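Please look through the sequence and the model below, and then follow a short walk from the interior of the chain to its charged pairs.

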Amino acid sequence: MRSLPAFVQLVLLRVREFIREPEAVFWAIFFPVLLSVGLGIAFRNRPADVLQVAAASPAIARALAGDPGLFVETLDPADAREALRLGRVALVAEPGPNDTIAYRYDEANPEGRLARLLADAAVQRAAGRTDPVGATDVLVSEPGARYIDFFIPGLVGLGIMSNALWGLGFSIVDARRRKLTKRLMATPMPRLAYLGSYLAWRMMLLVIEVGVPVGFGVLAFGVPVRGSLAGLAAICALTSLTFSALGVLIASRARTVEGVSGLMNLAQVPMWILSGVFFSARRFPDAVQPIIHALPLTAAIDALRAHMLRGAGLAGVAPELGVLAAWLVISFALAMWLFRWR
């Protein structure tokens, strides 16, 4: 029990260090909100864009006007081609040989290809075409299927990883560089209390790291949390412990801030790219999928998305939790073995 007062004082030290660093407060609290606002607005649900097209004759213009997805300008052929060259319109429809219509557009431009499909459908309908099979549109906009719903769990996982790695790794190495750990080594404080204080501080900060982006997503964009709050807390706690242990491991032998910064970037940048924070990890080839799913950030984000968006319980995300637990045990065991006080 002698180590308990030292442990408590060390945890309070982590709190004071965090409060006295405005940059740390910004990245942990305000940056996730700003990022959520920017991406939530950029990828918000909105009506389909109306494409600008040019018609080289009034008859073609009247036919194209039948599609609400097209805004039609009637221009002479030279002006229409100039507008296409300058990017003012996505497509030019002009009379072709033998009573046909020629569509002039850039095949590499997605708007040009879409405008060609809409324009030709409008022309064919105006000429009396009837579809042999009738069709109706059922438009759906349900929370859980939007980009912001996909992004918020990824942002939570990314925030936990980044704050754990940088908060622990940088602080430990900085203390070692200033020879503070050498002085602590001369005290009766056990190594476990010193390293455990970092993990306890991470658990305290977790309420802010998770509560701010999730709460903001729910209030501002209606992001669903279909699983239980207790389950969400358990997933986030295991994620934080895992990356905290990894941060301690990375910092266990590093002697300089530059050295630990390089190691942390080496560890987290591949996960930024591969783990599906901003887009689905399924975009990568099948050959690398086993590696991607073995990464702790992938497991954390997959578990968060399954719990928040599908309502999966802890049993439903057991494989992902198993990956996180394995990284936690191995990382912390290696950190305890390799940790250097000097």
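A residue is called buried when its relative accessible area is under 20%, exposed when that area is over 50%, and partly exposed in between. The model shown here is predicted, and the terms just given will help in reading its charged pairs.

We begin with the nonpolar interior. The largest nonpolar core has 54 residues, and those with the most contacts inside it are Val156, Cys236 and Phe243. Helices α6 (147-177), α8 (191-221), α9 (229-251), α10 (257-274), α12 (296-310) and α13 (318-338) each supply at least two residues of this core, and it is α6 that gives the most, with 14 residues. Phe243 can serve as an example of how these parts meet: when its neighbours within four places in sequence are left aside, Phe243 is in contact with Ile160, Met161, Ala164, Leu165, Met271, Pro296 and Leu297. Apart from this core there is a second, separate one of 15 residues, which includes Val53, Ala61, Leu64 and Tyr103.

From the cores we turn to the charged side chains, among which a search of the whole structure finds six salt bridges. In one of them, the side chains of Arg125 and Asp67 meet at 3.5 Å, N to O. Because Arg125 lies in helix α5 (residues 110-126) while Asp67 lies in the loop between α3 (58-64) and β2 (70-74), this pair ties together parts that are 58 residues apart in sequence. The two partners can also be described by their accessibility: Arg125, at 40%, counts as partly exposed, whereas Asp67, with a relative accessible area of 9%, is buried.

Another salt bridge brings together the side chains of Glu73 and Arg88, at 3.4 Å from N to O. Here, too, distant parts of the chain are linked, since Glu73 is in strand β2 and Arg88 is in the loop between α4 (77-85) and β3 (91-95), 15 residues apart. Glu73 is partly exposed at 21% relative accessible area, and Arg88 is partly exposed at 45%.

A further salt bridge joins the side chains of Arg81 and Glu94, at 3.1 Å from N to O, and it links helix α4, where Arg81 is found, with strand β3, where Glu94 is found, the two residues being 13 apart. Which of these partners is buried, and which is partly exposed? Arg81 has a relative accessible area of 41%, so it is partly exposed, while Glu94, at 7%, counts as buried. This pair is also part of a network, in which salt bridges that share partners join Arg81, Glu94 and Arg104.

How values were computed: Residues numbered from 1 in each chain as written. Predicted model: local features only at pLDDT ≥ 70, side-chain atom pairs only at ≥ 80, totals over all residues. Heavy atoms only, no water. Core = buried A, V, L, I, M, F, W, Y, C linked by side-chain atoms within 4.5 Å. Buried < 20%, exposed > 50% of the residue type's maximum accessible area, 1.4 Å probe, protein only. Helix = DSSP H or I, 4+ residues; strand = E, 2+ residues; numbered from the N terminus. Contact = heavy atoms within 4.5 Å. Salt bridge = Lys/Arg side-chain N within 4 Å of Asp/Glu carboxyl O.
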